[in-house]
Amino acid sequence: MLVFDEQYHVVKEELVVFKEIADDDGFPCEDLDALALWMLEHFQQLKASRVYQLKAVNFTTYGASLVYVDAAGKRVGYLYNYLKPYPAELWQAFADRRGGAAIFVLDTCSPFMGHLNAGMQLFWLKNSKPGLYADISKILHLPQYLSFLLTGKLVAEMTHIGSHSAMWNFRQHQYHTWIQEERLLDKLCPITPGDTAMMVQNELTGEWIAVGTGLHDSSAAMIPYLQTFTGPFMILSTGTWAISLNPFNQQLPDKTALANGGLSYLTCQGRPVRVSMLFLGNDHEQQVKRIADHFNISPDFYKSVTAEPSMLEAMGEVKGADGNAGSDLGATVPCKFRRRELNTFKTPEAAYYRLMMDLVLQQKASSQLVIADSPVKSIYVDGGFSKNELFMYLLAQEFSQQEVFAAAMNQGTALGAALVLHRYWNRLPVPPELFHLKQISSQKAGAGSAVII
């Protein structure tokens, strides 16, 4: 929970981590009851606060998160985990009915990603749990369910429909025909733009509170950039996933891009945004652990590794002596470092340098999918990797034709969710400076020189 004042300063913040529970198949999933209870309690506290005057509420969550409710508005089933294995035969049967996977993924601008496609999650539920499915009256994405708990309004919203859901036909600007074929349309909610709000009254003060529909996290993260900078630029939002977003490229991905992690999102107004996804943070975490285990050191050793000129020269060029074939660079191909023998490295630092070189090359291939045919001048990197000096230096080397910036802001996705409702609650103009930027040099570092300028 983050509370912003009218200058978009964070004046209150609270973080809680709930233990996962098991779904009805025994697979780990979010404890949605605990999350909802926590949110409702804090909503009541803010309404009664003598310190803050609550004017608006919004939500931002990851994609591929569906919540099912019955006719009385009571939740049905679980918030199923998008990492849950997807039955291959079910996907094959689905694709066969639609003329094959190739045409379907072109229309929906999303590769098949199992439960990470919200639509495929819905298809799985209908076919795997017919008893549970029979109790479902309406289907909501997670942020719209949270909004429903405060407003009682059942709505759908563009950024979640457009985030690798496999539900939207980007070429026809409507739900894909398979939704109607499977008789799902009546269970979906009316589509509302993500920059609208519903008004609820604070029963304690009589004042009105604007409650947003909620946004997909990566789509929300674009909003502060679009409010602050003129284009064209690319955003690289890093974390478990590294997501490249180019709001100035509305060209839909072709089959080659789709096969390599390229796709399209929708803005809260329904415009296409070219996107690519790479499981960068996950690969980084797993390989850092492997290096730490091999050298018998703490897995946080990498936090003290910097872009040292002597080490960079010893390692050679980023591509390394063995090169990196194009087949190694696809976003859907496992990181090359997984196949490297750790006993060839004398120190954990040397291994980490090679890991970062491999990851940056893969990131370059992923980001090029959204830069293609678009004159991107600047790249803004936010999230955890923006603080990794070695990653940022190597990235700037690979994107020497662009200006590369490490972007720091107060909780970018939450800030985007607040900004999109600005007109409903904020009497002041949007501040011109929402970011702290550091430009990264693409020049080779010399002895004693700083990489970040």
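This section describes the nonpolar cores and the strand pairing around β15 in a predicted model.

The largest nonpolar core comprises 58 residues. Within this core, the residues with the most contacts are Tyr68, Phe104, Ile136, Tyr145, Tyr175 and Trp178. The greatest contribution comes from helix α4, residues 118-128, which supplies 6 residues. A second core is separate and holds 44 residues. Its members include Met315, Tyr352, Tyr353 and Phe399. In soluble globular proteins, nonpolar side chains tend to be buried together.

Tyr175 illustrates the contacts of one residue of the largest core. Residues up to four places away in sequence are set aside here. Beyond them, Tyr175 touches Ala156, Ile161, Met167, Trp168 and Asn169. Tyr175 also touches Leu185, Leu188 and Ile191.

Strand β15 spans residues 208-212. Of its 5 residues, 4 are buried, so the strand is largely enclosed by the rest of the structure. Burial here denotes under 20% relative accessible area.

β15 pairs with strand β5 and with strand β14. Strand β5, residues 56-57, runs parallel to β15, and 2 bridges link the pair. Val57 has Val211 of β15 as its bridge partner. Strand β14, residues 197-201, runs antiparallel to β15 and is joined to it by 5 bridges. Here Val200 is matched with Ile209 of β15 as its bridge partner. β14 and β15 form a hairpin, with 6 residues between the two strands. In the turn, Gly206 adopts a positive phi of about 80°.

How values were computed:
Residues are numbered from 1 along each chain as its sequence is written. This is a predicted model: local features need pLDDT of at least 70, side-chain atom pairs count only at pLDDT 80 or more; totals for chains, interfaces and linings use all residues. Side-chain values use heavy atoms; hydrogens and water are left out. A nonpolar core is a set of buried Ala, Val, Leu, Ile, Met, Phe, Trp, Tyr and Cys residues joined through side-chain atoms within 4.5 Å. Buried means under 20% relative accessible area, exposed over 50%, partly exposed in between (1.4 Å probe, protein chains only). Contact means heavy atoms within 4.5 Å. Two strands pair if DSSP finds at least two bridges between them.
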